[in-house]
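Work through the exercises below with the sequence and model at hand. Try each task before reading its solution.

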Amino acid sequence: MSLRKSMVNRGLLILTCFFSFVIQLCLASKTRHFKWEVEYMYWSPDCMEGVVMGINGQFPGPTIRAVAGDTIVVELTNRLHTEGVVIHWHGIRQFGTPWADGTASISQCAINPGETFIYRYKVDKAGTYFYHGHYGMQRSAGLYGSLVVEVGEGQKEPFHYDGEFNLLLSDWWHKGSQEQEVALSSKPFRWIGEPQTLLINGRGQYNCSLAAHVTNSSSPQCQFRGNEQCSPQILHVQPHKTYRLRVSSTTALASLNLQIGNHKMVMVEADGNYIQPVAVDDLDIYSGESYSVLIHTDQDPSKNYWISVSVRGREPKTPQGLTILNYQTTSASKLPTSTPPVSPLWNDYNHSKSFSNKILALMGSPKPPTTYNRRIILLNTQNTINGFTKWAINNISLTLPPTPYLGAIKHRLSNAFDQKSPPENFPNDYDVMKPPTNTNSTYGNGVYMLEFRTTVDVILQNANALATGVSEIHPWHLHGHDFWVLGYGEGKFREKDAKRFNLKNPPLRNTAVIFPFGWTALRFVADNPGVWAFHCHIEPHSHMGMGVVFAEGVHLVKDVPNHALVV
Ligand code: C2O
Ligand code: CU
């Protein structure tokens with residue numbers, strides 16, 4: 001090589017280094033600003049017009065895409081005229097910013113009509129997340145959207161894919177959320193019933209099946225053509241490629257099962273944590289959960305395939321939600337020739353349990369501490385209070401106080417909420433297989449004060465509801481943390497069950513389900529200063545009191561921005 005050439009080469013090298021340094025600088029932790037306005041608007045999520053809570057005129061709200069390490073800033077203005085609003089960033093742990101968690105009465109006051117609140121927080125971990133309203137039943141009203149965090153510069157996912165899609169699943173009622181709220185709070189109690197439609201990315205088709213002419217059913221042909229708001233979002237793929245599907249569920253009620261005709265799915269991520277890859281034919285997803293699955297487009301490329309979403313765990317009165325996987329080698333308007341996949345029976349709990357038990361942490365994931373400092377057992381029952389139907393935890397039905405806990409605890413306001421710690425257990429002789437003998441419970445808003453940095457075990461104990469032989473599914477979601485799911489079991493939890501806990505590769509998650517008449521054991525480290533909700537993610541249930549509040553290290557919470565304190 002001539003001297004001149006090598007000097008040019010070296011110069012090029014230096015230049016390249018310089019540019020890649022500059023690019024890295026640009027990529028390194030961006031701040032992403034958003035200005036959002038929340039308002040009610042007319043919309044046709046399932047081709048029937050109704051009122052939804054939208055953001056900037058969109059339903060679902062805008063998708064946030066960011067890179068791990070980024071700071072998100074959302075300036076949220078409440079344009080609702082009659083009620084407050086907050087937005088919770090589901091799955092984001094809010095390390096150092098507990099006031100940005102977006103929980104009314106817990107991390108902040110609801111934002112008044114006309115006012116603006118600034119959410120500013122870091123997204124520290126890649127994964128599939130979403131956001132939603134966390135005041136009253138605003139999630140049922142349609143206040144939600146996706147939040148996708150990609151791996152940071154120089155980081156790699158432990159799997160490969162050529163393209164990705166995002167599927168945000170939800171359920172939709174024709175009865176407005178206010179009326180639903182009144183129904184649930186009425187005496188005698190009125191149940192809201194099953195949703196009319198399942199939505200995929202906010203789109204569904206009421207009273208008309210996409211599959212009508214394939215299944216020869218009597219349902220009318222769909223009228224969605226020309227109605228952009230309810231026409232299904234088709235997934236366009238190339239043959240022989242690998243795609244990542246980010247699936248999350250923000251349903252108010254329904255537990256779901258997702259299937260793709262002819263295609264296996266390999267699960268690789270759950271709630272923003274990597275899991276051991278496992279191939280499944282169908283995917284159970286409960287409200288509050290998210291998954292990434294990989295699919296390989298190795299089927300006949302002259303055909304299209306159904307993607308179907310069906311109800312699990314409650315006798316389904318809601319038709320499947322459908323969209324299409326379109327091989328771009330064929331026309332997207334060609335319907336699949338086969339009928340949509342049939343989901344497992346709604347009450348095939350063995351199927352659901354074996355599915356949940358397949359989810360294990362990817363090798364190299366953080367392991368749980370081998371022992372715990374405190375164990376809290378939470379009995380989930382349905383009760384009555386003065387004739388009102390409620391859900392109660394260890395016989396206390398949560399009613400949130402007007403003053404948010406975070407400020408109240410930080411400033412030692414002793415009259416803002418019950419100072420007595422809620423019970424850590426329930427009576428030994430309680431029969432979880434039978435309806436409660438004494439249905440009376442009480443309202444409460446006490447806090448489990450956790451010693452900072454200690455390890456907490458929570459045993460969620462399911463039981464019989466008010467009606468004989470009935471026990472429901474409850475997906476519990478923890479704010480501010482991921483927990484390890486140590487195990488699931490049947491009947492009443494016994495000390496000896498702890499010997500079977502999975503301490504080797506339990507998955508880290510932020511949501512875990514309890515099965516009917518069973519228990520679920522969780523472990524987490526109370527290492528995030530703040531006040532954190534832990535509740536059933538079924539919105540009517542949490543609205544009826546199914547939740548508790550944890551607090552830890554609140555004295556360490558510093559520099560609360562003024563806008564987060566103004567009451
Ligand atoms: Cu996604 Cu407290 O909830
Ligand atoms: Cu529940």
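Donors are N, O and S atoms within 2.8 Å of the metal (3.2 Å for Na, K and Ca); water is not among the atoms, so sites may look incomplete. This is a predicted model: local features need pLDDT of at least 70, side-chain atom pairs count only at pLDDT 80 or more, and totals for chains, interfaces and linings use all residues. Residues are numbered from 1 along each chain as its sequence is written, chains are lettered from A and ligands numbered from 1 in the order in which they are written, and side-chain values use heavy atoms, with hydrogens and water left out.

**Exercise 1.** Find the protein donors of the copper ion (ligand 2) and their spacing along the chain.

*Solution.* Start with the atoms. They are His474 (ND1), Cys536 (SG) and His541 (ND1), at 2.0 to 2.1 Å from the ion. Next, read the spacing: H-x61-C-x4-H. Two of these donors link distant parts of the chain: His474 lies in strand β26 (residues 474-478) and Cys536 in strand β31 (residues 530-536), 62 residues apart. Strands are DSSP runs (E, at least two residues), numbered from the N terminus; helices are H or I runs of at least four.

**Exercise 2.** Decide whether His474 and Cys536 are buried or exposed.

*Solution.* Take the cut-offs: buried is under 20% relative accessible area, exposed over 50%, partly exposed in between (1.4 Å probe, protein chains only). His474 has 0%, so His474 is buried. Cys536 has 0%, so Cys536 is buried.

**Exercise 3.** Describe the surroundings of strand β17 (residues 290-296).

*Solution.* Check burial: six of its seven residues are buried, so β17 is largely enclosed by the rest of the structure. Then look for pairing, which takes at least two DSSP bridges between two strands. Strand β12 (residues 242-249) pairs antiparallel with β17 over seven bridges. Arg246 has Ser292 in β17 as its bridge partner. Strand β14 (residues 265-270) also runs antiparallel to β17, joined by four bridges. Here Ala270 is matched with Tyr291 of β17 as bridge partner.
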